Amino acid sequence: MNREWEGTLRPYSAPNPDMLVKSAKTSQSLMVDVKKVMDTLATSKPFSNRLMTAAQSSKMNVVIDMIKKIGIKNEPDITYNPDGIRFDFYPKAGEENCHIIVSLKWRDI
């Protein structure tokens, strides 16, 4: 057995799940917003069509407004390109211990 590396490993501190539990709880509230947005996109072709049209016309304000009107608490950062759209959901300030990214395609390459 090669022992050259044994002295270079950093020992882990004692497990304390507090931050992990807090992050998981915060992510649950984000997931409620993610579900609302995904449900709307999955069940409303007219909404999805308007969103794509606005995005492809570089009307970011319209895209943001449409997503806000779904009734979410945490507004995602939104980016899009000719192939799809990406939503980055972050919690409100002070709870920056997690985030959820959803990337959706609207065109096959």
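**Entry 1: helix α1 against helix α2**

I call an angle under 35 degrees roughly parallel, over 145 roughly antiparallel, 65 to 115 roughly perpendicular, and the rest oblique. The model I looked at is predicted, with pLDDT of at least 70 needed for local features and 80 or more for side-chain atom pairs, while totals for chains, interfaces and linings use all residues. I number residues from 1 along each chain as its sequence is written, and side-chain values use heavy atoms, with hydrogens and water left out.

I looked up how α1 (residues 18–43) and α2 (residues 45–56) pack, and found an angle of about 105° with the axes 5 Å apart. Helices (H or I, at least four residues) and strands (E, at least two) are DSSP runs numbered from the N terminus. Axes are lines fitted to C-alpha atoms, for helices over the stretch in contact, and angles run from 0 to 180 degrees between N-to-C directions. The two helices, α1 and α2, are therefore roughly perpendicular to each other.

I noted which residues make this contact (heavy atoms within 4.5 Å): T40, L41 and T43 on the α1 side, and K45, F47, S48 and L51 on the α2 side. Sorted by class, the contact of α1 with α2 has 3 nonpolar, 3 polar and 1 charged residues. Here Ala, Val, Leu, Ile, Met, Phe, Trp, Tyr, Cys and Pro count as nonpolar, Asp, Glu, Lys and Arg as charged, and the others, Gly among them, as polar.

**Entry 2: the two sides of α2**

I checked the length of α2: at 1.5 Å a residue its 12 residues should span 16 Å, and the end C-alpha atoms are 16 Å apart, which agrees. The expected span is 1.5 Å times one less than the number of residues.

Which residues of α2 are buried? I found F47, S48, L51, A54 and A55. Buried means under 20% relative accessible area, exposed over 50%, and partly exposed in between, with a 1.4 Å probe and protein chains only. The buried residues of α2 cover an arc of only 130° around the axis, which puts them on the same side of the helix. The arc is that of the directions from the helix axis to the C-beta atoms. On the other side of α2 I found K45, P46 and Q56 exposed. The cover over the buried residues of α2 includes α1, α3 (60–68), β1 (77–81) and β2 (84–89).

**Entry 3: along α1**

I did the length check for α1 as well: its 26 residues, at 1.5 Å each, should span 38 Å, and its end C-alpha atoms are 37 Å apart, which agrees. I list its buried residues as S23, T26, S27, L30, D33, V34, V37, M38 and L41. They pack against α2, α3, β2 and β3 (100–105). I then looked up three of these residues one by one.

S27 lies in α1 and counts as buried, at 17% relative accessibility. Leaving out residues up to four places away in sequence, I found S27 touching C98 and I100.

D33 is in α1 too. Is D33 buried or exposed? At 2% relative accessibility, D33 counts as buried. With residues up to four places away in sequence not counted, D33 touches I72, K73, N74 and F89. D33 and P76 are 43 residues apart along the chain, and I noted 9.1 Å between their C-alpha atoms.

M38, again in α1, counts as buried at 19% relative accessibility. I found that M38 touches F87, V102 and L104, not counting residues up to four places away in sequence. M38 and V102 are 64 residues apart along the chain, with their C-alpha atoms separated by 9.2 Å.

**Entry 4: S58 and α3**

Where is S58 found? I located S58 in the loop between α2 and α3. At 60% relative accessibility, S58 counts as exposed. Its phi is near 60°, a positive value in a residue other than glycine.

In α3, I found V63, M66 and I67 buried. They cover an arc of only 95° around the axis, which puts them on the same side of α3. What covers them includes α1, α2, β1 and β2.

**Entry 5: D77**

I placed D77 in strand β1. At 47% relative accessibility, D77 counts as partly exposed. What does D77 touch, not counting residues up to four places away in sequence? I found R86, F87, D88 and Y90. D77 and F89 are 12 residues apart in sequence and 6.6 Å apart in space, C-alpha to C-alpha.
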